[in-house]
Amino acid sequence: MHPSSSLATQLQSALASRDERWIRRRLPDPHTSSPSSPLIDFNSNDYLSLARSPHLRSRFLHKLAHAPQVLGSGGSRLLVNGHAHSNLESRLAGFFRAGAALLFNSGFDANAGLFACVPQPRDVLVLDEHVHASVHDGVRASRVPRAARRVFAHNEVADLRRVLAELVAEDGGRDGGLRSGERSVFVAVESLYSMDGTFAPLVEIVEVLEEVFPARNGYLIVDEAHATGLYGPQGRGRVAELGLEDRVLARLHTFGKALAATGAVILTNTLIRDYLLNYARPLIYTTSLSYANIIAADCSFDMLCDGTAEEVCKPRLLPISHLYLLTQITSTQQLSRALLDLSTHFTTYLHPRLALAHIPKRLLSLPEHLTPPSHSHTRAPAPSPIIPLMTAHPRPLSAYLLALGMNARPITWPTVPKGRDRVRVCLHAANTREEVERLAEGAVRWAEEVLRAERRGAGGAGEGVWERERESKL
Ligand SMILES: Cc1ncc(COP(=O)(O)O)c(C=O)c1O
């Protein structure tokens with residue numbers, strides 16, 4: 001491509017525009033992700049720290065050494081259906097108590113494939129406004145017309161009810177069939193939202209769907225990407241935790257976050273599985289996961305299964321240190337409990353410090369759902385490993401933390417809605433209390449410095465901090 005070609009000019013100007021708006025995406029420095037990095041990881045989705053677990057590593061290497069096939073996979077599942085793939089699917093259908101399981105190369109492919117093909121041309125799609133980009137891509141590729149794609153306010157069951165009631169009210173004439181059940185409504189949610197750390201009110205959503213569509217043509221699809229391994233019995237997710245397996249149409253579990261592998265599985269019934277095998281393009285026209293990858297995922301599920309023994313579910317007796325966790329604890333239940341305890345510790349440590357320092361919300365705050373309830377009878381929110389530090393200046397805050405040896409990434413529009421910028425903190429089982437306290441103190445100190453600079457009239461969110469960001473090439 002010639003650098004002065006029309007194409008090059010258009011691409012460059014789009015990137016330059018992103019530069020100007022401070023939203024240009026760049027790959028982080030690989031050093032920040034290497035195991036030898038001195039940075040404290042508040043960034044990766046390795047929630048249970050399994051990617052660093054010596055137990056998982058040796059289990060994986062052992063299985064790899066004894067597996068009949070480890071390299072490649074030979075082609076699309078439709079051409080080469082390896083025993084390892086098929087066995088893992090049977091195992092997962094049993095483990096998750098589902099009618100059928102179908103592997104995909106990634107969670108993105110699974111959502112994109114499912115939403116593109118399963119809804120029929122006269123059906124309706126209703127999405128929580130915060131669902132993942134992969135669902136949106138699937139919806140865009142689907143045969144459902146734009147007018148039949150709706151969004152409801154994040155986690156607002158009342159708004160979902162309003163949207164569904166509107167659909168039913170509009171249901172008449174040529175488009176009739178929602179009431180009779182001839183047309184279907186698909187509702188897409190995440191059980192734990194990736195950017196906010198909020199939990200979908202799954203029971204209420206299922207109840208509304210069943211109430212508004214008594215013909216049982218309202219179908220819930222739950223993305224459990226971030227809940228996998230952390231919630232529910234044996235880490236089987238929130239649908240399992242709430243006993244909703246038979247009341248949702250499909251669940252997505254991914255292997256790339258808490259499970260330290262890559263790939264994903266859709267859990268559904270055999271009819272939908274067969275349909276996906278015939279129509280889901282991201283499944284049909286791609287080489288399936290390599291054998292080595294299947295073995296890695298299988299080993300992670302071994303860990304989840306092993307973690308069920310009652311004796312390892314007893315409350316912890318020992319203070320958990322980083323080293324202890326990585327070398328001694330093999331139970332994923334213990335890891336997830338340690339992780340969620342850490343999350344509670346972080347928010348309860350940070351909140352009073354923000355208040356004490358009188359940090360204005362625009363500079364730094366916890367989101368509403370993590371603000372402690374004002375009435376003692378209100379239940380505290382369940383902890384999650386995802387904690388957004390809301391700030392209008394996510395890049396300077398992230399750069400400041402980086403300079404203090406902590407890696408927590410800025411997230412801006414278009415990944416999150418405008419005005420909802422944040423530094424997304426991801427906690428891990430192997431993070432220590434001292435580390436999260438350092439993080440909280442670092443963030444508060446940054447906000448105090450910016451406040452002081454503002455009072456001196458020295459440049460908004462702290463010119464010095466912006467400079468530091470540029471230097472660190474975030
Ligand atoms: C909610 C959600 N669903 C799906 C995906 C895609 O999963 P994968 O990383 O396996 O492609 C992600 C990944 O970021 C996600 O956050």
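Over the ring of which residue does the charged end of Arg353 sit? In this predicted model, the ring belongs to Tyr349, and the charged end of Arg353 lies 3.5 Å from its centre. A second arrangement of this kind involves Arg236, which is placed over the face of Phe95 at 6.0 Å from the ring centre.

Phe95 leads on to the aromatic residues of the chain. The structure contains 7 aromatic pairs. One of them is formed by Phe95 and Phe96, whose ring centres are 4.9 Å apart and whose planes make an angle of 80 degrees. This pair is edge-to-face, because the angle of 80 degrees is over 60 degrees. Both partners are shielded from solvent: Phe95 is buried, with a relative accessible area of 7%, and Phe96 is likewise buried, at 0%. The two residues also belong to a cluster in which ring pairs link Phe95 and Phe96 with Phe255 and Phe301. Phe95 thus takes part in the edge-to-face pair with Phe96, in the cluster and in the arrangement with Arg236.

Turning to the chain as a whole, its secondary structure amounts to 16 helices and 12 strands. The chain has 474 residues, of which 51% are buried. When contacts between residues at least 6 apart in sequence are considered, 74% of them join residues at least 24 apart.

One packing of helices deserves a closer look. The axis of helix H4, which spans residues 107–117, and the axis of helix H9, which spans residues 270–279, come within 10 Å of each other and cross at roughly 100 degrees. Helix H4 is therefore roughly perpendicular to H9. On the side of H4, the contact is made by Gly113, Leu114 and Cys117, and H9 contributes Ile272, Tyr275, Leu276 and Tyr279. By character, the residues of this contact comprise 6 nonpolar and 1 polar, with no charged residue. The polar one is Gly113 of H4, because Gly counts as polar in this division.

Links between distant parts of the sequence can be followed at several individual residues. Leu56 is part of helix H2, residues 54–66, and is buried, with a relative accessible area of 6%. In sequence, Leu56 and Ala260 are 204 residues apart, yet their C-alpha atoms are 9.1 Å apart in space. With neighbours within four places in sequence left aside, the contacts of Leu56 are Leu50, Ala260, Cys299, Ser300 and Met303. Ala260 thus appears among the residues in contact with Leu56.

Ala165 offers another example, this time from helix H6. This residue is partly exposed, with a relative accessible area of 41%. Ala165 and Val212 are 47 residues apart along the sequence, and their C-alpha atoms are 7.4 Å apart.

A third case comes from a loop. Leu404 lies between helix H14 (394–403) and strand E10 (406–407) and is partly exposed, at 28% relative accessibility. Its C-alpha atom is separated by 9.4 Å from that of Ile40, although Leu404 and Ile40 are 364 residues apart along the chain. Not counting residues up to four places away in sequence, Leu404 touches Arg438, Gly442 and Arg445.

The backbone also has some features worth pointing out. Trp413 and Pro414 are joined by a cis peptide bond, with omega at about 10 degrees. Pro414 is located in the loop that runs between strand E11 (409–411) and strand E12 (422–426).

Positive phi values are found at Asn155 and His358. For Asn155, which is not a glycine, phi is about 60 degrees. Asn155 sits in the loop between strand E4 (149–152) and helix H6 (157–170). With a relative accessible area of 19%, Asn155 is buried, because the class takes in values under 20%. His358, also not a glycine, has a phi of about 50 degrees. The loop that holds His358 connects helix H13 (332–356) and strand E9 (386–390). In contrast to Asn155, which is buried, His358 is exposed, with a relative accessible area of 65%.

Note on methods
Residues are numbered from 1 along each chain as its sequence is written. This is a predicted model: local features need pLDDT of at least 70, side-chain atom pairs count only at pLDDT 80 or more; totals for chains, interfaces and linings use all residues. Side-chain values use heavy atoms; hydrogens and water are left out. Axes are lines fitted to C-alpha atoms, for helices over the stretch in contact, and angles run from 0 to 180 degrees between N-to-C directions. Helices (H or I, at least four residues) and strands (E, at least two) are DSSP runs, numbered from the N terminus. Angles under 35 degrees count as roughly parallel, over 145 as roughly antiparallel, 65 to 115 as roughly perpendicular and the rest as oblique. Contact means heavy atoms within 4.5 Å. Rings of Phe, Tyr and Trp (its six-membered ring) pair if their centres lie within 6.5 Å; planes under 30 degrees apart count as stacked, over 60 as edge-to-face and the rest as tilted. Buried means under 20% relative accessible area, exposed over 50%, partly exposed in between (1.4 Å probe, protein chains only). A charge sits over a ring if NZ of Lys or CZ of Arg is within 6 Å of the ring centre and within 35 degrees of the ring normal.
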